[in-house]
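Me: I should like to go through the structure below and ask what lies behind the terms used to describe it. Please set each value against its cut-off before concluding.

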Amino acid sequence: MLPVAAADKADFEDMPNNWSTMALEQAIENKLLNGFVIQGKSYLKPADNLTRAQMAAIVNRAFGAVSEAALPGVTDVTGTAWFVPEMKKAVMMGTMMLDVRMRPNDNITREEAFTILGRAMKLHTAGSDFSPLYRFGDGDLASAWAKGTLAAMAREGYIQGSNGKLNPKARITRAEMAQVMYNIIKQYVNQAGTIKSAPSLQAM
């Protein structure tokens, strides 16, 4: 389904009144989240799981990415789908790694989302000191490719966890991602930057 921007938070039929309301309102105001038009009405779908393509779009918008990479050999980011330019920008920015299958419509996991954010913020732990990650009871369950970035995010206080756990393999909802962005990035990028080169082929 093609995401379509609504003009104002009041346009959405399903804007919640709970812990996520302020974060969602800020995400809309800063044009990080778009809604969906169904039978002439706009819906935000805050409880839906966030997809990898939606995550790419949020980070691209937040950090002002405009340049697009070529995606040679990629089999599932083709044609005129709305996410094609967003995935190309994510690869050029280095937040997503080029792979034969980019899985744009797959639900994103918490460790994938936090790693993408960490890459955008240029956070990574050199070497193998992942001790900040092990403050969480399940930090050792994070994938090897994610540990360096997750440890750096934890060290800087950007990952708080829930009840002492990171839940790296769990999915993240659109509302939860809005809250993460609200917590981490208080001032959104509003001027497009220039990304000079795309990373080499490497699966995330």
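Me: Which residues of helix 4 are buried?

Reply: In this predicted model, the buried residues of helix 4 are Arg110, Glu111, Glu112, Ala113, Phe114, Thr115, Ile116, Leu117, Gly118, Arg119 and Ala120.

Me: Why is helix 4 called largely enclosed?

Reply: A residue counts as buried when its relative accessible area is under 20%. In helix 4, residues 110-120, 11 of the 11 residues are buried, so the helix is largely enclosed by the rest of the structure. The cover over these buried residues includes helix 2 (52-63), helix 3 (84-93), helix 5 (144-155) and helix 6 (174-184). Following helix 4 comes Lys122, with a positive phi near 60°.

Me: What makes Thr95 buried?

Reply: The cut-off for buried is under 20% relative accessible area. Thr95 has 1% relative accessibility and therefore counts as buried. Thr95 lies in the loop between helix 3 and helix 4. Not counting residues up to four places away in sequence, Thr95 touches Val59, Ala90, Ile116, Arg119 and Ala120.

Me: Why is Asp140 called partly exposed?

Reply: Partly exposed is the class between buried, under 20%, and exposed, over 50%. The relative accessible area of Asp140 is 48%, so Asp140 is partly exposed. Asp140 belongs to the loop between helix 4 and helix 5. Leaving aside neighbours within four places in sequence, Asp140 has contacts with Tyr134 and Lys147. Asp140 and Pro168 are 28 residues apart along the chain, and their C-alpha atoms are separated by 9.4 Å.

Me: How do you know that helix 1 and helix 6 are roughly perpendicular?

Reply: Angles of 65 to 115 degrees count as roughly perpendicular. Helix 1 and helix 6 pack at an angle of about 80°, and their axes are 8 Å apart. The two helices are therefore roughly perpendicular to each other.

Me: Which residues of helix 1 and helix 6 meet?

Reply: From helix 1, Met22, Ala23, Leu24, Gln26 and Ala27 meet Arg174, Ala175, Ala178, Gln179 and Tyr182 of helix 6. Sorted by class, this contact has seven nonpolar, two polar and one charged residues.

Me: What makes up the largest nonpolar core, and which residues have the most contacts inside it?

Reply: The largest nonpolar core has 57 residues, and Met55, Val59, Val77, Met87, Leu117, Leu150 and Met177 have the most contacts inside it. At least two residues of this core come from each of helix 1 (21-29), helix 2, helix 3, helix 4, helix 5 and helix 6. Helix 2 gives the largest share, seven residues. As for Met55, its contacts, leaving aside neighbours within four places in sequence, are Leu50, Ile108, Ala113, Ile116, Leu117 and Met177.

Me: How many helices and strands does the protein have, and in what order do the elements run?

Reply: There are six helices and two strands. From the N terminus on, the order is α-β-β-α-α-α-α-α.

Me: What can be said of the protein as a whole, in burial, contacts and exposed area?

Reply: The protein has 204 residues, of which 50% count as buried. Among contacts with a separation of 6 or more, 75% are between residues 24 or more positions apart. The protein exposes about 10100 Å², and carbon and sulfur atoms supply 48% of that area.

Note on methods:
Residues numbered from 1 in each chain as written. Predicted model: local features only at pLDDT ≥ 70, side-chain atom pairs only at ≥ 80, totals over all residues. Heavy atoms only, no water. Buried < 20%, exposed > 50% of the residue type's maximum accessible area, 1.4 Å probe, protein only. Helix = DSSP H or I, 4+ residues; strand = E, 2+ residues; numbered from the N terminus. Contact = heavy atoms within 4.5 Å. Core = buried A, V, L, I, M, F, W, Y, C linked by side-chain atoms within 4.5 Å. Axes fitted to C-alpha atoms, helices over the stretch in contact; angles between N-to-C directions. Parallel < 35°, antiparallel > 145°, perpendicular 65-115°, else oblique. Nonpolar A, V, L, I, M, F, W, Y, C, P; charged D, E, K, R; others polar. Areas by Shrake-Rupley, 256 points an atom, 1.4 Å probe, with all protein chains shown as cover.
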